[in-house]
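Let's take a walk through this protein together. Have a look at the sequence and the fold, and then we'll start from one strand in the middle of things.

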Amino acid sequence: MYRGYEAVIGLEIHAQLKTKSKLFCSDATNFDAQDNENISAISIGMPGTLPVLNMKAVEYSIKTGLALGCTIRKLSVFARKNYFYPDLPKGYQISQYDKPICENGELTFMVEGRERKVSITRAHMEEDAGKSTHFGDYTLLNYNRAGIPLLEIVSGPEMTSAAEAAEYGRAIRQIVRYLDVCDGNLEEGSMRCDINISVKKSGTQKLGTKVELKNLNS
């Protein structure tokens, strides 16, 4: 708390699932590939291509959801998240919205010697985008990462300090590494963290205006 205000923090952690192929095609997922080596007509969004779901990614998502105490949906649905940017050749990302594969979980972890519980709102599958590297007036595009399976783990807006958020992130990383569903290599982008932050007056329930910080990995 600072001058009568307190932080409200929620985390969206994107864990790259440790599969040998992408979410909807057989392209490889190895990090050390040459630029645009692991691509195909499907991963670069050519017209007429059809996605086929990677069942190992589904298995890893369910495994993680169970470890987080989530309810696993018998019917989960993929949706299109439309945005226009060069790293997304289809013009939309295949993700999950109102019917995610995992929801309503909870994570217990330790913060400065005390136990803390934070709800897991959802954990949903989605495909990753490509990578843009900017050089002045031009941009290079590498689509090796496009279509790699991600599990986005979304917490409730329940943390109130940087220390809590950091320990929550470490606990998620420990779990996915223990389950061997994600290697958790932050330097390779295998796990990325977006943080939603607002402030509110202490003792009130109404939340303030939310700000999202992207890719705050360390």
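**Starting from β9**

Pro149, Leu151, Ile153 and Ser155 point one way from β9, while Leu150, Glu152 and Val154 point the other way, and all are buried (buried means under 20% relative accessible area, exposed over 50% and partly exposed in between, with a 1.4 Å probe and protein chains only). Seven of the seven residues of β9 are buried, so this strand is largely enclosed by the rest of the structure. Strands here are DSSP runs of E with at least two residues, helices are runs of H or I with at least four, and both are numbered from the N terminus.

Before we go on, a word about what you're looking at. This is a predicted model, in which local features need pLDDT of at least 70 and side-chain atom pairs count only at pLDDT 80 or more, while totals for chains, interfaces and linings use all residues. Residues are numbered from 1 along each chain as its sequence is written, and side-chain values use heavy atoms, with hydrogens and water left out.

So who are the neighbours of β9? On one side there's β6, joined to β9 by seven bridges and running antiparallel to it. Glu126 stands opposite Leu150 in β9, and Glu127 stands opposite Pro149. Then there's β1, which is antiparallel to β9 as well and joined to it by five bridges. Ile13 has Ile153 of β9 as its bridge partner.

Step back and you'll find an open sheet of seven strands, in the order β2-β5-β6-β9-β1-β10-β11, with antiparallel pairing (two strands pair if DSSP finds at least two bridges between them). The edge strands are β2 and β11 (residues 211-213), each of which pairs on one side only.

Let's follow the sheet towards β2. Nine bridges join β6 (residues 114-127) to β5, and the two run antiparallel. Phe109 has Arg116 in β6 as its bridge partner. The hairpin of β5 and β6 has two residues between the strands, and Glu112 takes a positive phi near 50° there. From β5 (residues 102-111), two bridges lead to β2 (residues 71-72), again antiparallel. Ile72 stands opposite Cys102 in β5.

**The whole protein**

How many helices and strands are there altogether? The protein has two helices and eleven strands. Along the sequence they follow the pattern β-α-β-β-β-β-β-β-β-β-α-β-β. The radius of gyration is 18 Å, close to the 17 Å that the globule rule gives for 218 residues, so the protein is as compact as a globular protein of that length. That radius is taken over C-alpha atoms, and the rule is 2.2 Å times the number of residues to the power 0.38. Along the principal axes, the C-alpha atoms fill a box of roughly 55 × 45 × 30 Å.

Of the 218 residues, 44% count as buried. Among contacts between residues at least 6 apart in sequence, 65% join residues at least 24 apart (a contact means heavy atoms within 4.5 Å).

**The empty spaces**

Now for the gaps. Rolling a probe the size of a water molecule over the atoms shows where empty space is left. On a 1 Å grid over the protein atoms alone, a cavity is a set of points where a 1.4 Å probe fits but cannot get out, a pocket is an open set with protein on both sides within 12 Å along at least five of seven lines, and lining residues have an atom within 4 Å of a point. Grid points are joined across faces, edges and corners, and a volume is the space filled by probe spheres set on the points.

The largest pocket has a volume of about 760 Å³. Of the 28 residues that line this pocket, the closest to its centre are His14, Lys81, Gln93, Asp194 and Lys214. Our starting strand β9 is among the elements that each supply at least two residues of the lining, but the largest share, four residues, comes from β6. The lining divides into five nonpolar, eight polar and 15 charged residues (Ala, Val, Leu, Ile, Met, Phe, Trp, Tyr, Cys and Pro count as nonpolar, Asp, Glu, Lys and Arg as charged, and the others, Gly among them, as polar).

The second largest pocket has a volume of about 590 Å³. Closest to its centre, of 25 lining residues, are Asn30, Phe31, Asn144, Arg145 and Glu188.

Finally, a search of the whole structure finds one cavity of 30 Å³ or more, with a volume of about 40 Å³. Glu127, which we met opposite Pro149, is one of the residues that line this cavity.
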